[in-house]
Structure formats: structure tokens, C-alpha cells
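Reader: I'm new to reading protein structures. Could you walk me through this one?

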Amino acid sequence: MPELQRLRADHAPAVLAFELANRAYFAASVTDRGDGYFERFTDRYEALLAEQAAGICAFHVLVDEDGSVLGRFNLFDLVEGGSADLGYRVAEHVAGQGLATAAVEELCRLAATRHGLRTLRAATSDANIASQKVLAKAGFVPVGRALPSEIGGRQGTWYERALTPAD
């Protein structure tokens with residue numbers, strides 16, 4: 001059974017393999033990270049770990065039994081006792097199996113219990129129907145339009161979910 005784990009330094013090779021294997025798949029619905037991302041992956045990864053250590057963000061990976069990464073599930077711009085933005089992506093070969101929804105639901109519980117958050121927001125492009133379904137199943141509701149500058153140059157919608165300590 002896949003497990004949602006807090007991002008650690010030793011996840012780096014599996015995260016890189018995940019990003020490379022799914023690059024074209026992700027680019028179909030979100031802006032491609034570009035060659036520079038992969039060329040400077042180690043520096044970027046270390047920066048993410050530093051942001052997490054500072055409490056600004058909380059990064060997670062969905063790890064399969066064999067140690068491979070099946071998805072990334074992240075909380076950005078944490079405001080203690082307040083809110084954060086959610087971002088996620090899952091591998092093409094496991095899309096549509098309910099893993100993204102289960103991981104988002106688990107991250108909602110962690111956001112409330114571990115981080116004391118009351119609200120999560122997420123934006124998705126209008127074309128990303130799968131992401132819209134994940135958010136709806138996980139209890140998010142549309143709250144307004146997302147600017148193209150907020151979601152990689154595409155039109156979209158912001159979603160929000162209120163959290164309680166019972167989440």
C-alpha cells in the first residue's frame with residue numbers, strides 16, 4: 001500500500017525519477033518545469049528541504065512499496081493557525097486509481113492536526129478535469145477564478161476546503 005511520507009533528503013533520486021518519467025504527462029495539463037529544473041534539480045531540492053525546515057512549506061511524497069514515488073503532495077505558504085495552498089501531481093501509470101484523492105484527504109488531516117491549519121486552497125486549470133474531480137471528492141468547493149499567472153498561464157479556478165481538528 002502506498003504511503004504518504006514527509007519529504008526527506010533520501011527521497012531525491014526517486015523524486016527525480018518520478019519527475020523525469022512523467023514530464024510529458026504533466027506538461028499536458030500544467031506548464032512544463034523546463035530543462036533548467038532538471039539541470040539544477042539538486043540545488044532546487046535542497047532549497048525545498050530548507051523551506052520545509054523553516055516551516056514555510058510542508059512537502060510530501062506518495063511512496064510505493066518498492067520505494068518509487070507515485071506522487072507529490074505539498075502545502076505551500078503555511079500560515080500557522082490559518083491557511084496554506086495545496087499542490088499535487090501523480091504518476092501517469094497510477095492516475096484514475098483513487099490514490100490522488102486518498103493522499104489529498106490524508107494531507108487535509110495532516111494540515112489540520114500537524115500544522116493547525118483551518119483552510120486549504122488549490123487552483124487547477126479549466127482543462128484539468130481529473131484534478132477538479134480529485135478536489136471535489138476531497139471536499140473542496142470552487143471559490144473563484146484563478147488568474148493565468150497563478151496556474152502556469154492557463155485559465156482556472158480556485159478551490160477551498162475548511163478544515164477542522166477532526167479532519
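Reader: How many strands form the sheet, and in what order?

Author: Keep in mind that this is a predicted model. Seven strands make up an open sheet, and going across it you meet β1-β2-β3-β4-β5-β7-β6, with mixed pairing.

Reader: Which strands stand at the edges?

Author: Look for strands with a single partner. Here those are β1 (3-6) and β6 (141-146), so each has one side left without a neighbour in the sheet. From one strand to the next, the twist averages 30°.

Reader: How do β3 and β4 run, and how many bridges join them?

Author: They're antiparallel, with six bridges joining β3 (residues 69-76) to β4 (residues 83-90). Take F76 as an example: its bridge partner in β4 is D85.

Reader: Which strands does helix α1 touch?

Author: Helix α1 (residues 12-21) packs on the sheet and touches β2 (58-63), β3 and β4. Its direction makes about 100° with that of β3. Another helix, α4 (residues 41-53), lies across β1, β2 and β3, at about 120° to β2.

Reader: Let's zoom in on one residue. Is H11 buried or exposed?

Author: To decide, check the relative accessibility: under 20% means buried. H11 has 5%, so it counts as buried. You'll find H11 in the loop between β1 and α1.

Reader: What does the side chain of H11 make a polar contact with?

Author: The side chain of Q5, at 2.8 Å. The H11 side chain also reaches the backbone nitrogen of R8 at 2.9 Å. Leaving aside residues up to four places away in sequence, H11 touches Q5, R6, Y45, V61 and V63.

Notes: Residues numbered from 1 in each chain as written. Predicted model: local features only at pLDDT ≥ 70, side-chain atom pairs only at ≥ 80, totals over all residues. Heavy atoms only, no water. Pairing = 2+ DSSP bridges. Helix = DSSP H or I, 4+ residues; strand = E, 2+ residues; numbered from the N terminus. Axes fitted to C-alpha atoms, helices over the stretch in contact; angles between N-to-C directions. Contact = heavy atoms within 4.5 Å. Buried < 20%, exposed > 50% of the residue type's maximum accessible area, 1.4 Å probe, protein only. Polar contact = N/O pair within 3.5 Å; in protein donor to acceptor, adjacent residues only side chain to side chain.
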